[in-house]
Amino acid sequence: MADYLKANLGEVEGMEHAQGGLGYLFGESYPRERYADIGINVRVLRPDQPASLYHAESAEEFFIVLGGECLAIVEDEEVPLRTWDFLHCPPGTAHLIVGAGDGRATVLMVGGRRAEGPPRYPVSELAARYGASVESETNDPREAWAQAGWAMEFESAPLPWPPS
């Protein structure tokens, strides 16, 4: 019998991060061995709330806005996104997704897991407006998070379903 997984988004592990918003996690959950090739999560962001630090990875990433509005910062340029917009970031593309508009934004995020080396965290004045930039470029995630004042901990949290 095939080793497959069926899950409902309303039943998966939820997480909350003080700076990075709410998340429904597939592929970010442990054990990661099940998700060797891709990571999938759905993030729920308030206006002006970043989903991560501004970064670039050696694996490609895809984003689909499922509801609301977002602002992507891609290679230090603002790219407005609205419901059903799709964004592809090829390997090495510096980027960040930030909630925008009047209410919460819900974003499907898919990223490759076969990255070669750690992410690169470049300095970005645009990302700094949202508290999501390092002060000096680094490839060390712990150093990047410390520079930005972000804790590397996520809290398990019951999240509303469907996202609002």
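**Exercise 1. Work out whether Glu77 is buried or exposed, and where Glu77 sits.**

Step 1: Grab the cut-offs: buried is under 20% relative accessible area, exposed is over 50%, and partly exposed is in between (1.4 Å probe, protein chains only).
Step 2: Glu77 has a relative accessible area of 54%, so Glu77 is exposed.
Step 3: Now place Glu77: it belongs to strand 6, residues 77-82. Strands here are DSSP runs of E with at least two residues, while helices are runs of H or I with at least four; both are numbered from the N terminus.

Before going on, keep in mind that this is a predicted model, where local features need pLDDT of at least 70, side-chain atom pairs count only at pLDDT 80 or more, and totals for chains, interfaces and linings use all residues. Residues are numbered from 1 along each chain as its sequence is written, and side-chain values use heavy atoms, with hydrogens and water left out.

**Exercise 2. Classify Glu13 and find its place in the chain.**

Step 1: Glu13 comes out at 38% relative accessibility, so Glu13 counts as partly exposed.
Step 2: Glu13 lies in the segment before strand 1 (14-17).
Step 3: Check a partner: Leu25 is 12 residues away from Glu13 in sequence, yet their C-alpha atoms are 5.8 Å apart.

**Exercise 3. Sketch the whole chain.**

Step 1: Count the elements: two helices and 10 strands.
Step 2: Put them in sequence order, and you get β-β-β-β-β-β-β-β-β-α-α-β.
Step 3: Add the dimensions: the C-alpha trace spans about 50 × 40 × 30 Å along its principal axes.
Step 4: Finish with burial: 43% of the 164 residues are buried.
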